[in-house]
Amino acid sequence: MVRQSTPDAHPGATAEAPEPRTLQGLKVTWAAIGVNLLLALTKGAGGILGASQALLADALNSLADVATDIAILFALRFASRPPDPGHPYGHGHLEPAASFGVGLTILLGGLFLLGRSAWGLWTPQPYQPSLFTLPLLVAAIALKEGLCRATLRAARRTRNMALLANAWNQRLDVFSSSAAFAGVGLALLGHWWADALAAAGVAGLAAWVGARIVQRALDELMDAAPPEEVLGRIRSAIEGVEGVRNVHALRIHRAGHRLFVDVHIEVPPEISVTDGHAIAHQGQESVLAQVSEVSEVHVHIEPDRGPKA
């Protein structure tokens with residue numbers, strides 16, 4: 001017996017009408033593309049005119065973020081497509097796949113920048129940036145922090161892993177621009193090494209965050225079990241149904257933000273098949289009502305065979 005919940009999991013949904021969850025993600029990601037394009041152009045011009053290596057590197061980082069945002073857009077749009085015969089659980093795995101790509105990009109970029117920063121510390125390359133680069137970096141930090149907070153809110157409301165990874169990427173950009181600000185400021189005071197040292201710290205943090213994002217994305221792609229708290233709520237919802245004597249073989253399949261539940265329940269052996277199906281149906285309704293993360297429930301009925309050894 002199978003029971004589905006929300007319209008976004010229903011076979012009748014259409015790809016032409018994105019669900020509200022998807023629209024939230026698309027809206028904040030389009031905003032991110034606009035902000036990152038503006039920052040790339042502004043910081044690039046400022047870096048050239050102001051002779052700031054840190055600002056030029058930050059401009060390239062913003063340009064790379066545009067490519068990441070475009071990948072997120074495609075993932076959000078296609079992940080919202082309804083199930084079809086070839087993809088009975090839908091296309092939700094595109095979200096952790098996009099998250100994996102973002103995490104891997106952050107990890108590799110962090111490792112590259114770490115090596116480049118270490119080389120910069122060992123090979124003095126004095127430079128004298130212009131003072132006007134500092135206000136540009138302050139504006140970039142403010143814009144990127146606002147964008148990060150908006151993306152985080154959308155990610156938490158929609159439980160979207162790809163958006164969460166992108167929010168972390170934006171937060172790292174805030175740290176990167178802050179490090180560039182410190183490096184430029186100290187370079188103006190004659191401390192040429194400060195830029196490389198600040199960049200090394202940000203690079204190490206980026207590599208760590210990227211590795212965490214990759215790990216979480218791989219867990220979801222490999223169908224790792226949800227937290228015990230979620231499993232407990234599902235089990236409790238079923239056990240609370242009158243007539244359910246035992247719950248076992250509880251398995252969860254993830255597809256993006258959706259959870260698909262497969263569970264076996266034991267019912268009194270003397271009841272009719274019709275009554276058994278009624279109990280199973282109540283169990284499904286109970287899970288869907290109490291556990292918002294669940295989109296579909298499969299319940300298998302078995303006769304209670306008495307006390308377990």
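This report describes the fold, the nonpolar cores and the salt bridges of one protein chain.

The structure is a predicted model, in which local features need pLDDT of at least 70, side-chain atom pairs count only at pLDDT 80 or more, and totals for chains, interfaces and linings use all residues. Residues are numbered from 1 along each chain as its sequence is written, and side-chain values use heavy atoms, with hydrogens and water left out.

**Overall fold**

The chain contains eight helices and four strands. Here helices (H or I, at least four residues) and strands (E, at least two) are DSSP runs, numbered from the N terminus. Read from the N terminus on, the order of the elements is β-α-α-α-α-α-α-α-β-β-α-β.

Of the 309 residues of the chain, 46% are buried. A residue is called buried under 20% relative accessible area, exposed over 50%, and partly exposed in between (1.4 Å probe, protein chains only). The accessible surface of the chain is about 15100 Å², and 66% of this surface belongs to carbon and sulfur atoms. Such areas come from the Shrake-Rupley method with a 1.4 Å probe; for residues, only the protein chains shown count as cover.

A contact means heavy atoms within 4.5 Å. Among contacts in the chain with a separation of 6 or more, 76% join residues 24 or more positions apart.

**Nonpolar cores**

In soluble globular proteins, nonpolar side chains tend to be buried together. A nonpolar core is a set of buried Ala, Val, Leu, Ile, Met, Phe, Trp, Tyr and Cys residues joined through side-chain atoms within 4.5 Å. The largest such core has 23 residues, of which I234, I238, V261, I265, V287 and V294 touch the most other members. At least two residues of this core come from each of helix 7, strand 2, strand 3 (258-267), helix 8 (273-290) and strand 4. When residues up to four places away in sequence are not counted, I265 touches ten named in part here, including I238, V244, I279 and V299. Another core, of 20 residues, lies apart from the largest one, and its members include V28, A75, V102 and I106.

**Salt bridges**

A salt bridge is a side-chain nitrogen of Lys or Arg within 4 Å of a carboxyl oxygen of Asp or Glu. The whole structure holds eight salt bridges. The table presents some of them.

| Pair | Distance, N to O |
|---|---|
| R149 and E145 | 2.8 Å |
| R233 and E229 | 2.5 Å |
| D304 and R245 | 3.2 Å |

R149 and E145 both belong to helix 4 (residues 133-158), where they are four residues apart, about one turn of the helix. E145 counts as buried because its relative accessibility is 17%. R233 and E229 are likewise four residues apart, about one turn of the helix, within helix 7 (residues 228-239). R233 has 26% relative accessibility and therefore counts as partly exposed.

The pair of D304 and R245 links distant parts of the chain, 59 residues apart: D304 is in the segment after strand 4 (294-303), and R245 is in the loop between helix 7 and strand 2 (246-255). D304 is buried, with a relative accessible area of 17%, whereas R245, at 47% relative accessibility, is partly exposed.

**A network and a buried glutamine**

Salt bridges also link D65, K144 and D173 in a network. K144 is in addition one of the residues in contact with Q170, together with A32, L147, C148 and T151, when neighbours within four places in sequence are left aside. Q170 is located in helix 5 (residues 161-188) and is buried, with a relative accessible area of 1%.
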